[in-house]
Amino acid sequence: ENTGKTFIDQSQLATCVAIADSICEHQTASELLSAEGESEVPIQWTDPETGLSCKGLLDRVIRRYSERCIIDLKTTGLALPHAFAKSCVDYGYHFQAAFYLWGMAENNQHCQRFIHVCVEQEPPYGIAVFELGNKEIDQGKRLVEKYLKLYASCVASGHWPGYVDEVQPLELPRYAFTTDGLE
């Protein structure tokens with residue numbers, strides 16, 4: 001009867017309830033996640049340039065102020081703008097946003113906006129809502145195109161380049177030299 005189900009313990013349940021409560025207390029996040037729409041929206045399409053099959057699973061698609069919006073729920077260490085901007089670069093969230101917007105367009109379901117609802121991973125589970133600008137989405141598009149071409153090339157050639165096969169010099173980041181009074 002419970003085959004294929006995932007169970008959580010009381011601690012995990014308490015965390016989920018606390019996060020849900022934080023979202024409900026944040027007006028914008030609550031409105032976005034409870035707006036009329038669909039959750040866990042699967043999309044599939046074929047890249048016309050490479051012929052590669054593409055797919056995605058969108059957290060939520062809503063209509064807000066006559067616009068279709070993709071809502072992406074993310075956990076984060078810190079929901080401050082500078083910290084989440086770094087997470088976008090580190091984890092490719094701008095790439096994901098461009099990829100999903102393109103996928104929806106390829107499925108004739110154009111979305112005008114991609115909005116991140118961010119939840120901090122530790123109590124009190126702070127909430128922030130961010131939307132990447134056009135230049136960030138455009139950079140994501142460039143990366144999507146670059147990586148799809150690279151992937152198609154690897155599939156066609158059977159060659160999957162990895163790291164450099166030689167000793168490389170390594171420099172520490174600048175901040176490593178300004179801590180503990182060394183500078």
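**A pocket lining and a two-sided helix**

The lining of the largest pocket is made up of nine nonpolar, three polar and eight charged residues. These belong to a predicted model, and the pocket makes a good place to start looking around it. The space inside the largest pocket comes to about 380 Å³. In total, 20 residues line the pocket, and those nearest its centre are Ala98, Leu101, Trp102, Ile137 and Lys141. Helix H5, which spans residues 134-157, contributes at least two residues to this lining, as do H4 and S4. The greatest share comes from H5, which supplies eight residues.

Helix H3 offers a second view of the structure. Within this helix, which runs through residues 81-91, the buried residues are Ala83, Phe84, Ser87 and Cys88. These residues lie on the same side of H3, because the arc they cover around the axis is only 145 degrees. The other side of H3 carries exposed residues, namely Pro81, His82, Lys86 and Val89.

What, then, covers the buried residues of H3? The cover includes two strands that can be found along the chain at 67-76 (S3) and 113-120 (S4), together with strand S5 at 127-131 and helix H4 at 93-106. H4 and S4 thus appear in both parts of this account: they are included in the cover of the buried residues of H3, and each supplies at least two residues to the lining of the largest pocket. Just after H3 comes glycine 92, whose phi is positive, at about 70 degrees.

Methods. Residues are numbered from 1 along each chain as its sequence is written. This is a predicted model: local features need pLDDT of at least 70, side-chain atom pairs count only at pLDDT 80 or more; totals for chains, interfaces and linings use all residues. Side-chain values use heavy atoms; hydrogens and water are left out. Buried means under 20% relative accessible area, exposed over 50%, partly exposed in between (1.4 Å probe, protein chains only). Helices (H or I, at least four residues) and strands (E, at least two) are DSSP runs, numbered from the N terminus. The arc is that of the directions from the helix axis to the C-beta atoms. Contact means heavy atoms within 4.5 Å. On a 1 Å grid over the protein atoms alone, a cavity is a set of points where a 1.4 Å probe fits but cannot get out, and a pocket is an open set with protein on both sides within 12 Å along at least five of seven lines; lining residues have an atom within 4 Å of a point. Grid points are joined across faces, edges and corners, and a volume is the space filled by probe spheres set on the points. Ala, Val, Leu, Ile, Met, Phe, Trp, Tyr, Cys and Pro count as nonpolar, Asp, Glu, Lys and Arg as charged, and the others, Gly among them, as polar.
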